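Reader: Could you take me through one spot in this protein up close, and then show me what the rest of the chain has to offer? I work at the bench, so plain language suits me well.

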Amino acid sequence: MVGPLLRSLCSTAARKSLSSSSSFSANYRKSLLFSRSTGFTRLFSSAAETATSPSTADASGTVVDPSRLRNVAVIAHVDHGKTTLMDRLLRQCGADIPHERALDSITLERERGITIASKVTSIPWKGNELNMVDTPGHADFGGEVERVVGMVEGAILVVDAGEGPLAQTKFVLAKALKYGLRPLLLLNKVDRSTVTEERCSEVESLVFDLFANLGATEEQLEFPVLYASAKEGWASSTYTKKPSEDARNMSDLLDAIIRHVPPPKSSLDAPFQMLVSMMERDNYVGRILTGRINSGILQVGDKVHGLQITDSGTVKIEEGKVVRLMKKKGTNIVLVDSAGAGDIVSMAGLASPAIGHTIASVQVMTALPTVDLDPPTISMTFGVNDSPLAGQDGIYLTGKQIGERLRVEAERNLSINVIPGMSDAYEVQGRGELQLGILIENMRREKFELSVSPPRVMYKNENGQKLEPVEEVTIEVNEEHVGLVIEAISHRRGEITDIGPVPGSVGRTRLCLTCPSRGLVGYRCVFNSDTRGTGFMHRAFLAYEIHRGSLGNVRKGVLVSMGYGTITAYALMSLEPRGQLFVKPGMETYDGMIIGEHSRDTDLDVNPVRSKELTNIRAANKDENVKLTPPRLMSLEEAIGYVAFDELIEVTPSAIRLRKKYLEVNKRKSMSKRPKE
C-alpha cells in the first residue's frame, strides 16, 4: 500500500524522535545520514518502483478528530473505472499525479492494466480527511477486497453504465453488505454514445435487485446514485452527458461521501488497538504494518506488542517500540508523530506480527477479531527445476530458497496458502490461474528457477458426495461466435442460465452460465481464439456444487522431443505436418520436452535436433532456404492453462518451457497406464 519510502524523509521533530529511539542501530543511523547527504532514494514497496515524489515529514503531531474522518473503499467489477476514478479524485484535491493510473505502482499492474493489490491514500476535502482504498476488480484477487473492507465505513460501488452489474460486482457488493457498509452507486462511463437515461434507469434497477437478492437492509437499499465520466473527470448527482464547465469536477461525489458515509465510531481515550490489514517488508526498518486504528492514540516511541488469536486463546507474539509512523497523502508518504482512532496509518518497529494480527498497547491483552476469507479453489505444486537445462539462467534454485519466498508471499497475501510437500515441493493454494500466474511471474523476474504443475481444483466431500467449485461466468461475443462458444462450454460441463442481446450493442450476445472451475482452466486462450479477440469473459466464484462428471476432450496430444541439443530447421520442416510447433530453430531442447501440439489425440515422440547428413555432392539448397510457419510461443498464462496432468512448466528468468513430468520415454509409458488424478 504505502509505496515508496525515502530515507531522506525527516523533519526536525521526526529526527528528534528517531535520535531518542534506542532501537535504531548505529548502522542504520549511518545509512540514514548517508541518504540525507546524497539524496539517494529507495522504494519501500517490495513489488516495484513508483513514480511518487518525496515529501517532508508532518511534524505537527496533531491527531485528526474521528468526526472529520471518512474511510471509503472503491469497489467494482474489473475494468469499470476504479483506478481512473481515484486519479481524478486525487487531482481534484490538489495531488500531483505523475502519470495515469498513479496508484498502480506495481510493474505488472502497469504492464497489464489491472489492479493486483489494494492501495490506501488520504485526500483532504472541506476540512475533512478521506482515506480512500482502491481495490482490485478481478475475481482472482478477491482476497484483497475481503481484508480491506473491514477498514472502512463506506464504499463507492462503481458500475459501467453500459455493461451493468457483472459477476465480480456481485462478489464485492456481497462483501460490503456483509460488513454493514452503505455503498454509494456511481454509474461510470455515461459519456458514451450508447448510454442513455433509460439505460441508466435499467442499470439502477438491476443494481437494486442485486442489493435485494444479497439481503441488504432497508438503510442499505436507500443508496444515492451519481453519474460520472472518470475519463473526463466529472461526477454529477443528476443524469447528464455534458455538464457545465464549472461542474466538470468531482465535487458532487466528494460531497456525497461526506454526507452519506458515517465517520468511524472510535474513542481517542481508550487504549490503542489496531488490526493489521496490509504488510510490506523494508530492509531498513523491517516490517511495515498498515491498518485502521480501532481505538486510542499511537505515537512514535510508544511501547506496543503484537497479539494473535489461537485455539488456546490470545497469544502475545512480540513486544517492541514504534520507530516509524507513516501516512499516505495523495501520492506521497509523510512521516507523522501521532495518529488517532479511526485513521489508517502504517507503522514500523515490530518484526513478527503479520496480517490478521492485532497491535495494541502493552496493557491490552484482547485481540481484535480477524477477517474471514473465502477458501482457495485451486492449487499448484511448486518444485525445484530438475530439467537438463536447469541452473543456466536463474540465481535462486534450491527448494529452501523457493520455500522461503513462498512463505513471505503467504504472509503478505492471506488468500494464498502454502503447504510443504515431499522432495522440496510446495503446494500453493489460491483463487485462480491469474493470481498464481502473477506469483510465478514475480518469482521469475526475481531470478528464481522452478517447475510448476498444472492447476488442480480443490474438492470437498460432504455427506458422502463429492463437491467441486463452480463459477459464475458472463460472456459477451459477436453473434457469429455464439455457436463455437456454446459448443466449447458444453464440453467443459457448463450450463447456460441466461442468453440475450447486449443492451446498446448491435450484433452482440450476452451469455450467463455456471461452469466448474476445472472446466475453465485454460479456456481463456481457446475463447480468445474462437472469438478472434472480440469477446469478453468475466468469472467469479459461485459455490461448491455436486461434481458434474468428467470433461469432454478439450485438448489434443503433444509432440515430445527425444533428442538433446539445438533444434534445427531441417528437423522442424518434416515435423510441421504433424501438428503446431511451440519452438523455433536455434532453441535448446532435451528428452521429454514438449515442442508442439500433435494433430491427433495421442502423444508422439519426435527428434527435433536431426540435422541434414553431409555428403561430397554439392547441393543448391541449404537449411537457410527452409521456410517454416511461425511457431506458437506460449506466455506463462497460456502455458498454465495448456499443460495436462502428466506435464510440468519449466520456469526460468529467460524461458518458459513445457515438459513431461517423467522425461524418460519408458517411464512415461509405464506411468500412463495408471488412472488419471
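Author: Happy to! Let's start with threonine 370, which sits in the loop between strand E17 (358-361) and strand E18 (378-383). Please keep in mind that this is a predicted model. Is threonine 370 buried or exposed? The answer falls in between: its relative accessibility is 44%, and because that value lies between the 20% limit for buried and the 50% limit for exposed, threonine 370 counts as partly exposed. In space, threonine 370 has histidine 357 at 7.4 Å, C-alpha to C-alpha, with their positions 13 residues apart in sequence.

For contrast in setting, turn to helix H3, which spans residues 82-92. Eight of the eleven residues of H3 are buried, so the helix is mostly covered. The buried ones are Lys82, Thr83, Leu85, Met86, Asp87, Arg88, Leu89 and Leu90. And what covers them? The cover includes five strands and a helix: strand E1 (69-76), strand E2 (119-125), strand E3 (128-134), strand E4 (154-160), strand E5 (184-188) and helix H9 (251-260). After H3 comes glycine 94, with a positive phi near 90°.

Now for the charged pairs. Side chains of opposite charge can pair when their charged atoms come close. The structure holds 34 salt bridges, and three of them are worth a visit here.

One joins the side chains of arginine 431 and glutamate 146, with 2.6 Å from N to O. Arginine 431 belongs to the loop between strand E20 (426-430) and helix H11 (433-445), while glutamate 146 belongs to helix H5 (residues 142-148), so this pair ties together parts that are 285 residues apart in sequence. Both arginine 431 and glutamate 146 are buried.

Another pairs the side chains of arginine 248 and glutamate 232, at 3.1 Å from N to O. Here arginine 248 is in the loop between strand E7 (234-236) and H9, and glutamate 232 is in the loop between strand E6 (225-229) and E7, so the parts being tied together are 16 residues apart in sequence. Arginine 248 is partly exposed, with a relative accessible area of 30%. Glutamate 232 is partly exposed too, at 36% relative accessibility. You may recall H9 from before: it is among the elements that cover the buried residues of H3.

The remaining pair is glutamate 411 with arginine 407, whose closest N and O atoms are 2.9 Å apart. Both residues lie in helix H10 (residues 399-412), and the four residues separating them amount to about one turn of the helix. Glutamate 411 counts as buried because its relative accessibility is 17%, which is under the 20% limit. Arginine 407, with a relative accessible area of 38%, is partly exposed. This bridge also has company: salt bridges that share partners join Arg281, Arg287, Glu404, Arg407 and Glu411 into one network.

Finally, let's step back to the whole protein. It has 17 helices and 35 strands, and 55% of its 677 residues count as buried. Among contacts between residues at least 6 apart in sequence, 74% join residues at least 24 apart. As for the surface, the protein exposes about 29500 Å², and carbon and sulfur atoms supply 50% of that area.

Note on methods. Residues numbered from 1 in each chain as written. Predicted model: local features only at pLDDT ≥ 70, side-chain atom pairs only at ≥ 80, totals over all residues. Heavy atoms only, no water. Helix = DSSP H or I, 4+ residues; strand = E, 2+ residues; numbered from the N terminus. Buried < 20%, exposed > 50% of the residue type's maximum accessible area, 1.4 Å probe, protein only. Contact = heavy atoms within 4.5 Å. Areas by Shrake-Rupley, 256 points an atom, 1.4 Å probe, with all protein chains shown as cover. Salt bridge = Lys/Arg side-chain N within 4 Å of Asp/Glu carboxyl O.
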